[in-house]
Amino acid sequence: MTANPESELLAVYDAEGRVIGSAERGVVYRDGLWHASAGVLVRSGDGSRIYVHRRTDSKLVFAGMHDCLAGGVVDAGEDPAATAVRELREELGIDGVTPVPRATASWDGAWAAKPLRCHLFGYEVRWDGPIRHQPSEIADGWWWRDDELRAHLRDPAWPFVPDTRVLLDGLLDGRG
């Protein structure tokens, strides 16, 4: 990550999901430009548990909310699969595994009263090794069974990243 995250160059997409150029992160968020993100669901080796975490309060988007994907936006010149590998390594210290594509969706929402439009690429890995949080990204984390996560997701007051919700049915059900 650069010293000023808002100046990082992101891939800009059209509404149909084609890369059409690049722009600084601050411009993408300010103008509600279509961009993409990749997120990786981390399951235990036997598949019985999911790693859930709380984002730090200093994140640019969805600060302090819960998530179950290690992920981030697709940089200019990067494809979503490379983003998935990079984010998994940066956020959770997981390396040496290949995320498997499981789901895609588009999210046309809002954040801080501004439009936020993103094409979402969901992946999965199985992992029983150590997890090391990136302190600037992850405040805390723990393992839950699918039913524990689903129970929390049914509570509308539980602060969970809204774009991840769009991918979860495909990821949790393994439908992709």
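Where along the chain is the place of T56? The legends below take up that residue and several other spots in this predicted model.

**View 1. The whole protein, as a backdrop for the close-ups.**
The predicted model has 4 helices and 9 strands. Reading from the N terminus, the elements go β-β-α-β-β-β-β-α-β-β-β-α-α. The C-alpha atoms fit a box of roughly 40 × 35 × 30 Å along the principal axes. A compact globule of 176 residues would have a radius of gyration near 16 Å, and the protein's 15 Å agrees with that. Of those 176 residues, 48% count as buried. The accessible surface is about 8300 Å², with 50% of it belonging to carbon and sulfur atoms. As for how the chain meets itself, take the contacts between residues at least 6 apart in sequence: 64% of them join residues at least 24 apart.

**View 2. The span that UniProt annotates.**
An unreviewed UniProt entry places the feature "domain: Nudix hydrolase" at residues 33-166. In the model, that span is 19% helix and 42% strand. Its end C-alpha atoms sit 19 Å apart.

**View 3. T56, in the loop between β4 and β5.**
Here is the spot asked about at the top: T56 belongs to the loop that links β4 to β5 (66-67). Is T56 buried or exposed? Its relative accessible area is 9%, under the 20% cut-off, so T56 counts as buried. Setting aside neighbours within four places in sequence, T56 touches A63 and G64, and also the run P135, S136, E137, I138 and A139.

**View 4. I138, a contact of T56 in β9.**
Move over to strand β9 and you find I138, one of the residues that T56 contacts. I138 is buried too, at 4% relative accessibility. Beyond its neighbours within four places in sequence, I138 is in contact with H53, R54, T56, E91, L92 and H133. Take L92 from that list: 46 residues separate L92 from I138 along the chain, yet their C-alpha atoms are 8.2 Å apart.

**View 5. E91, on helix α2.**
E91 is part of helix α2 (residues 80-92). What is the relative accessible area of E91? The value is 3%, so E91 is buried. Leaving out neighbours within four places in sequence, the contacts of E91 are K59, the run L69, A70 and G71, the run R132, H133 and Q134, and finally E137 and I138. R117 is another matter: 26 residues along the sequence from E91, its C-alpha is 23 Å from that of E91.

**View 6. β3 between its partner strands.**
Strand β3 (residues 35-43) pairs in the parallel sense with strand β8 (residues 114-126) over 9 bridges. Two of the matched positions are A36 with H119 and G39 with G122. β3 also runs antiparallel to strand β6 (residues 69-73), joined by 5 bridges; there, L41 stands opposite L69. How many residues of β3 are buried? The count is 9 of 9. In a regular strand, side chains alternate between the two faces of the sheet. In β3, H35, S37, G39, L41 and R43 point one way, while A36, A38, V40 and V42 point the other, and all are buried.

**View 7. The β7-β8 hairpin.**
β8 has another partner in strand β7 (residues 100-111), which runs antiparallel to β8 and is joined to it by 11 bridges. Look for D108, which stands opposite R117 of β8. The hairpin leaves 2 residues between the strands, and A112 takes a positive phi near 55 degrees.

**View 8. The buried face of helix α3.**
Helix α3 (residues 146-153) has buried residues at D146, L149 and L153. Viewed down the helix axis, the buried residues fall within an arc of 70 degrees, so they line one face of α3. What do the buried residues of α3 pack against? Their partners are β3, β4 (49-55), β9 (138-145) and α4 (162-172). That brings back β3, the strand of View 6 that is mostly covered.

Notes
Residues numbered from 1 in each chain as written. Predicted model: local features only at pLDDT ≥ 70, side-chain atom pairs only at ≥ 80, totals over all residues. Heavy atoms only, no water. Pairing = 2+ DSSP bridges. UniProt positions renumbered as here; feature names shortened; annotations may be inferred. Buried < 20%, exposed > 50% of the residue type's maximum accessible area, 1.4 Å probe, protein only. Contact = heavy atoms within 4.5 Å. Arc of directions from axis to C-beta. Rg over C-alpha atoms; globule rule 2.2 N^0.38 Å. Areas by Shrake-Rupley, 256 points an atom, 1.4 Å probe, with all protein chains shown as cover.
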